[in-house]
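This report describes the overall architecture of a protein and then turns to the setting of a single residue.

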Amino acid sequence: ATQFSTTTKLKGKATFVIGALDSKAASDKATDDALTFSYDHILGLKTSFTGEDLLFARLRSSNMKNSDGDTVNAFAGGVRKLSMAGGTGDLVKIDRLYYKFPITDSLTAAVGPLARNTENLGMKPTAYTIKTLNFLGGQFGTGNVYNKETGGLVGLIWKQKVAKGQPKFTAAVNYVADQGEAENSEAGMFTSDSKGNTTAQLGYGTKKWGAALAYRYGQCGAGFGTGFYSKQSCSGSKTVDSNNFAINGFWKPEETGFIPSFSVGYGWSDLEGSTVDELTTWMVGFQWDKVAGTKHSASVGFGTPTYVSAQEGADPDEAEIAWEAALKLKVADSITVIPSIFYMPETSQGASDTEQFGGVVQTVFKF
């Protein structure tokens, strides 16, 4: 019989975040122009029992939110939420715990009480990897589908076997019940109270280019990630379900330097049982890797958070375009400094005189 030895690898990441916000929104006056200093510390344990499977557990501690999940940092909530923003109230908590194992050479299963739908896909349909704002980078610009839902998960991932460098098809489907419901015996998984998300993705491409079509069915109470429309109402006999779609694509040049990579995403949603009929979101991102032959990179991205594009008895304003720009400076093999700026023309859809201009410096230590 084949013998395997259990192996465990420990990887960590500590991020220091210094930021300042200039905001015209009255609700932000408490943080306006204040210089904040926060942290996010992650330890990931990767264990394999057969050499082909993965038991993943992650410990996290952050001070960007309190222990109840309420925002205490200017960059941890709203449409200006950072991609890396977490929150445990300075407590160390398990925020990922799942197991992946092969069924065949091409098919992998995933299951766990704390897993994220965007981490169990056939492909990440973007080349925009210098992340600042969550709705642009963390959600691939299409948070209506890629909403980063975390909770009890079961899923399948299929990847076509091809020669190295050749384009391949990928497919994935997963179901996630919201964390609070998945662990609650009164709600549970696969019930009408699960706040469930069923996400499916079909992709095609290589490491240099690719495209993906994705769909998410959201139950009543499921979220839409970072955006102007954040959650489907769920009260009494009123339920609002959603059908969400996204198209994403990316392209990387053969040689890095002068020509940037290009990433795009467009998402739309149909809501059932709501006066809100349709939602829309989109993004475009450019990234220059190894600028001028150095180890450093730069990026510019723009787009709109998920917004209401059609509503019963109303003519909603289109969301205004937000943008961000960042540098990724490799100061050592395991230390990266990422200064970035962003501009949000509004804090909520159609709100006047609420523009925000922010700047953050992320220092990332990997070990």
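## Basis of the description

Helices and strands are taken as DSSP runs, with at least four residues for a helix and at least two for a strand, and are numbered from the N terminus. The model is predicted.

## Overall architecture

The protein contains two helices and 18 strands. Its C-alpha trace extends over about 70 × 55 × 40 Å along the principal axes. The radius of gyration is 20 Å, which agrees with the value near 21 Å for a compact globule of 367 residues.

Among contacts with a separation of 6 or more, 59% join residues 24 or more positions apart. Of the 367 residues, 47% are buried.

## Surface and charge

The exposed area of the protein is about 17400 Å², and 56% of it is supplied by carbon and sulfur atoms. The protein carries 34 positive and 37 negative charges, and the mean positions of these two sets lie 12 Å apart.

## The setting of Asn-73

Asn-73 lies in the loop between β3 (54-62) and β4 (93-102). Is this residue buried or exposed? Asn-73 has a relative accessible area of 8%, and because buried means under 20%, Asn-73 counts as buried.

A polar atom of the Asn-73 side chain is placed 2.8 Å from the backbone nitrogen of Phe-75. When residues up to four places away in sequence are set aside, Asn-73 touches Thr-36, Ser-38 and Met-64.

How values were computed:
Residues numbered from 1 in each chain as written. Predicted model: local features only at pLDDT ≥ 70, side-chain atom pairs only at ≥ 80, totals over all residues. Heavy atoms only, no water. Rg over C-alpha atoms; globule rule 2.2 N^0.38 Å. Buried < 20%, exposed > 50% of the residue type's maximum accessible area, 1.4 Å probe, protein only. Contact = heavy atoms within 4.5 Å. Areas by Shrake-Rupley, 256 points an atom, 1.4 Å probe, with all protein chains shown as cover. Lys, Arg positive; Asp, Glu negative; His and termini not counted. Charge placed at Lys NZ, Arg CZ, Asp CG, Glu CD. Polar contact = N/O pair within 3.5 Å; in protein donor to acceptor, adjacent residues only side chain to side chain.
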